[in-house]
Amino acid sequence: MSVSCGVEWAVILGCLRWGWKRCTYVSSDDSANWPIATPEEFEPIPRVCRIILSVYEPDLHHPLYTPLGGYRLNPNWAIKRVDYEQTLGHAPPYLIYIDHDNKEIVLAIRGLNLVKDSDYKLLLDNQLGMQMFDGGYVHHGLLKSAIWILNNESEFLRRTWEENGKEYKMVFAGHSLGAGVASLLSLIVVNHTDMLGGISRNSVRCYAVAPARCMSLNLAVKYADVIYSVVLQDDFLPRTPTPLEDIFESIFCLPCLLFIACLRDTFISEDKKLRDPRRLYAPGRIYHIVERKCCRCGRYPPEVRTGIPVDGRFEHVVLSCNATSDHAIIWIEREAENALEVSRNHIIPSNSFKRMPLNECNCSHVETERAEYGDHNEPTTSPETYKDANTQKRTQRCIGQSH
């Protein structure tokens with residue numbers, strides 16, 4: 001009797017401890033040590049969010065879903081629109097927009113459409129460790145979609161870039177499902193610049209808004225100078241370690257799935273998760289928009305923290321009523337715009353942007369990653385792009401490095 005009572009109390013205490021850790025964990029803890037992003041580096045993100053939103057519009061001249069403050073886009077600069085009938089299920093709909101004001105050619109890809117089977121098939125077409133790319137692992141279905149878009153649009157993009165004097169940047173952007181496709185599209189372009197007329201790595205950018213986990217950690221760090229991920233506070237998708245195919249098979253019981261993922265996440269050691277090179281992560285440099293505080297009601301003036309985490313990124317699912325609403329592109333655009341206004345109108349302490357000395361950086365994962373991947377982490381671009389690859393690699397892998 002006493003033994004069974006002891007076991008019961010042990011189980012109860014264990015459950016209480018787990019519940020306390022889960023319920024008191026807040027998403028702002030993930031980026032607590034990251035520096036504040038400067039207004040200059042964050043400035044393109046609200047604008048790109050509006051371009052992604054415009055993909056949902058059947059006609060930009062007569063918009064139906066205008067965000068707060070309007071699109072602030074020139075409808076005549078949207079030079080090509082591709083919908084589901086044209087993609088034939090190989091990719092989500094996308095839009096090509098020439099931003100002459102900022103000298104950018106933007107290919108924006110919409111997020112998951114819950115009523116389209118083709119979108120689910122892209123997400124289901126993957127298994128852990130199924131697809132390798134450039135010494136790491138990527139999501140198989142999203143990579144196929146990215147290849148399809150590039151094969152169909154590379155000539156059009158190359159011609160557009162050349163017609164504008166080869167001075168414009170090539171920007172790939174997307175939300176949710178589209179963010180994963182855009183991220184892998186930028187990887188392909190950077191490694192095959194000849195497909196777009198020899199465009200340089202420095203002229204390629206990707207903005208992944210609320211991205212799916214689509215690439216292994218070594219690739220996420222390696223391409224942090226190209227890919228910029230945007231995560232609003234508690235967004236579930238960049239955090240969920242459960243494979244995408246499991247998430248969207250259970251989309252209508254998402255709270256239950258998040259709870260199970262959260263439970264499993266608690267009992268799997270951090271080291272064991274990070275040692276698996278096949279594990280997928282949110283790509284590139286991350287901008288984390290934080291607007292709520294623990295045990296306080298309402299929204300606060302948002303701040304944007306940025307970093308290039310090397311010891312995992314957003315490894316814990318947050319039990320929050322905002323986990324799904326923070327994934328909505330309309331909310332992300334609004335809070336990104338608010339955060340930009342706050343950062344412009346407030347003086348941020350200069351030490352927020354200080355470059356952290358290398359000997360103080362959390363670079364414990366670098367040697368392990370080097371041993372696992374060897375020379376695969378070397379950039380595939382020309383020597384002119386990276387004159388000192390080793391220094392660049394060490395710098396990028398340090399948490400909280402500023403541009």
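**Close-up views of a predicted model**

**View 1. Pro-302, a buried loop residue.** Pro-302 counts as buried, at 6% relative accessibility. The model shown here and in the other views is predicted. Pro-302 belongs to the loop that runs between strand E11 (285-290) and E12. Setting aside neighbours within four places in sequence, Pro-302 contacts Ile-289, Val-290 and Glu-291. Its other contacts on that basis are Glu-335, Asn-338, Ala-339 and Val-342. Val-342 is 40 residues from Pro-302 in sequence, yet the C-alpha atoms of the two are 7.3 Å apart.

**View 2. An open sheet of eight strands.** The strand order is E1-E2-E3-E6-E7-E9-E11-E12, with mixed pairing. Strand E1 (78-82) and strand E12 (303-307) form the edges, each pairing on one side only. From one strand to the next, the twist averages 15 degrees. E2 and E3 run antiparallel and are joined by six bridges. Within this pair, Tyr-97 stands opposite Val-106 of E3. Helix H6 packs on the sheet and touches E1, E2, E3 and E6. The directions of H6 and E2 make an angle of about 15 degrees.

**View 3. Trp-77 and Tyr-97, a tilted aromatic pair.** The whole structure holds four aromatic pairs. In the pair of Trp-77 and Tyr-97, the ring centres lie 6.3 Å apart and the planes make 55 degrees, a tilted arrangement. The two residues are 20 apart in sequence and link distant parts of the chain. Trp-77 sits in the loop between helix H3 (44-54) and E1, while Tyr-97 is in strand E2. Tyr-97 counts as buried because its relative accessibility is 2%, under the 20% limit.

**View 4. The largest nonpolar core, with Phe-172.** This core has 44 residues. Leu-107, Ile-149, Phe-172 and Met-215 have the most contacts inside it. Strands that give two or more residues to this core are E2, strand E3 (104-109), strand E6 (169-175) and strand E7 (204-209). Helices that do so are helix H6 (140-163), helix H7 (177-191) and helix H8 (217-222). Beyond residues up to four places away in sequence, Phe-172 touches residues including Leu-107, Leu-157, Ala-182 and Leu-185. Also among its contacts are Val-189, Leu-196, Val-204 and Tyr-207. Ser-186, Arg-205 and Cys-206 are touched by Phe-172 as well. Nonpolar side chains tend to be buried together in soluble globular proteins.

**View 5. Another core, apart from the largest.** Its 32 residues include Leu-95, Val-209, Val-230 and Ile-332.

**View 6. Aromatic rings, clustered and under charges.** Phe-42, Tyr-207, Tyr-228 and Tyr-287 make up one aromatic cluster. Lys-80 lies over the face of Phe-156, 4.9 Å from the ring centre. Arg-334 places its charged end over the ring of Trp-331, at 4.9 Å from the centre.

**View 7. Positive phi at Leu-88 and Asp-134.** Leu-88 is not a glycine, yet its phi is positive, at about 55 degrees. Leu-88 lies in the loop between helix H4 (84-87) and strand E2 (94-99). Leu-88 counts as exposed because its relative accessible area is 65%, over the 50% limit. Asp-134, also a residue other than glycine, has a positive phi near 50 degrees. The loop between strand E4 (131-133) and strand E5 (136-138) holds Asp-134.

Methods: Residues are numbered from 1 along each chain as its sequence is written. This is a predicted model: local features need pLDDT of at least 70, side-chain atom pairs count only at pLDDT 80 or more; totals for chains, interfaces and linings use all residues. Side-chain values use heavy atoms; hydrogens and water are left out. Helices (H or I, at least four residues) and strands (E, at least two) are DSSP runs, numbered from the N terminus. Buried means under 20% relative accessible area, exposed over 50%, partly exposed in between (1.4 Å probe, protein chains only). A nonpolar core is a set of buried Ala, Val, Leu, Ile, Met, Phe, Trp, Tyr and Cys residues joined through side-chain atoms within 4.5 Å. Contact means heavy atoms within 4.5 Å. Two strands pair if DSSP finds at least two bridges between them. Axes are lines fitted to C-alpha atoms, for helices over the stretch in contact, and angles run from 0 to 180 degrees between N-to-C directions. Rings of Phe, Tyr and Trp (its six-membered ring) pair if their centres lie within 6.5 Å; planes under 30 degrees apart count as stacked, over 60 as edge-to-face and the rest as tilted. A charge sits over a ring if NZ of Lys or CZ of Arg is within 6 Å of the ring centre and within 35 degrees of the ring normal.
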